[in-house]
Amino acid sequence: MSSLRAQKNHKNIPAKPLIIGIFCGATSGTALLFLIAFLITKSGIIPHNFTQTLMIVLAGIAAFVGGYVSGKVSREKGMFYGMICGFVMFMLFFLGGFIVARNSVTMMTVIRFLTMVLSGSIGGIIGVNKI
């Protein structure tokens with residue numbers, strides 16, 4: 001009986017690590033975005049064509065933080081939780097950009113997707129293995 005219960009619980013994906021990870025990743029991404037925006041407006045020396053790359057790096061850092069936190073909370077399956085966290089955060093960024101600015105899918109969108117999913121996975125792995 002207990003083995004059936006263990007198998008049944010193994011198939012469930014706990015939402016707590018994902019929700020906490022996504023919240024922390026989005027919060028850190030927002031804070032970094034405000035910091036970058038402040039620095040850009042004060043300095044004015046960052047070229048316009050560099051902002052797209054800067055936003056991809058920022059999204060990768062936010063996904064890494066989200067994956068790390070979800071891995072820390074779950075204490076298992078860090079790569080999986082980090083990947084899901086990165087994917088959900090990408091969908092939030094993409095849908096927000098699509099709704100507000102009617103952004104279409106470009107090569108930079110694909111690069112952002114890969115960056116966020118990979119960064120979230122790496123963050124989840126490190127979060128699980130960090131003592």
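The expected span of a helix is 1.5 Å times one less than its number of residues. That rule serves two stops on this tour of a predicted model.

**The whole chain**

Begin with the entire protein displayed as a cartoon. It comprises 5 helices and 0 strands, and the order along the sequence reads α-α-α-α-α. Of its 131 residues, 29% count as buried. Among contacts with a separation of 6 or more, 82% join residues 24 or more positions apart. Switching to a surface display shows an exposed area of about 8600 Å², of which carbon and sulfur atoms supply 73%.

**Helix α4**

Next, select residues 78-101, which form helix α4. Its 24 residues reach 34 Å from the first C-alpha to the last, close to the 34 Å expected at 1.5 Å a residue. Show the side chains of its buried residues, which include Tyr81, Cys85, Met89 and Phe90; four glycines, Gly78, Gly82, Gly86 and Gly97, are buried as well. To see what these buried residues pack against, add α2 (15-43), α3 (51-74) and α5 (107-129) to the view. Then move to Arg102, which follows α4 and has a positive phi, near 55°.

**Helix α5**

Select α5 as a whole. Its 23 residues should span 33 Å at 1.5 Å a residue, and its end C-alpha atoms are 33 Å apart, so the two values agree. The buried residues of α5 include Thr109, Met116 and Val117, together with Ser119, Ser121 and several glycines, among them Gly120 and Gly124. Helices α3 and α4 are part of what covers the buried residues of α5.

**Ser119**

Within α5, centre the view on Ser119. Is Ser119 buried or exposed? Its relative accessible area is 16%, and buried means under 20%, so Ser119 is buried. The side chain of Ser119 reaches the backbone oxygen of Thr115 at 2.8 Å. Apart from its neighbours within four places in sequence, Ser119 is in contact with Gly60, Ala63 and Phe64.

**Leu114 and the surface patch**

Now select Leu114, also placed in helix α5. Leu114 counts as exposed because its relative accessibility is 51%, and the cut-off for exposed is over 50%. Add Val105, Met107, Val110 and Ile111 to the selection: with Leu114 they make a nonpolar surface patch of about 470 Å².

To finish, display Ser119 and Leu114 together on α5: Ser119 is buried, whereas Leu114 is exposed.

Key
Residues numbered from 1 in each chain as written. Predicted model: local features only at pLDDT ≥ 70, side-chain atom pairs only at ≥ 80, totals over all residues. Heavy atoms only, no water. Helix = DSSP H or I, 4+ residues; strand = E, 2+ residues; numbered from the N terminus. Buried < 20%, exposed > 50% of the residue type's maximum accessible area, 1.4 Å probe, protein only. Contact = heavy atoms within 4.5 Å. Patch = residues over 30% accessible without salt bridge, like charges linked within 9 Å, V, L, I, M, F, W, Y side chains within 5 Å. Areas by Shrake-Rupley, 256 points an atom, 1.4 Å probe, with all protein chains shown as cover. Salt bridge = Lys/Arg side-chain N within 4 Å of Asp/Glu carboxyl O. Polar contact = N/O pair within 3.5 Å; in protein donor to acceptor, adjacent residues only side chain to side chain.
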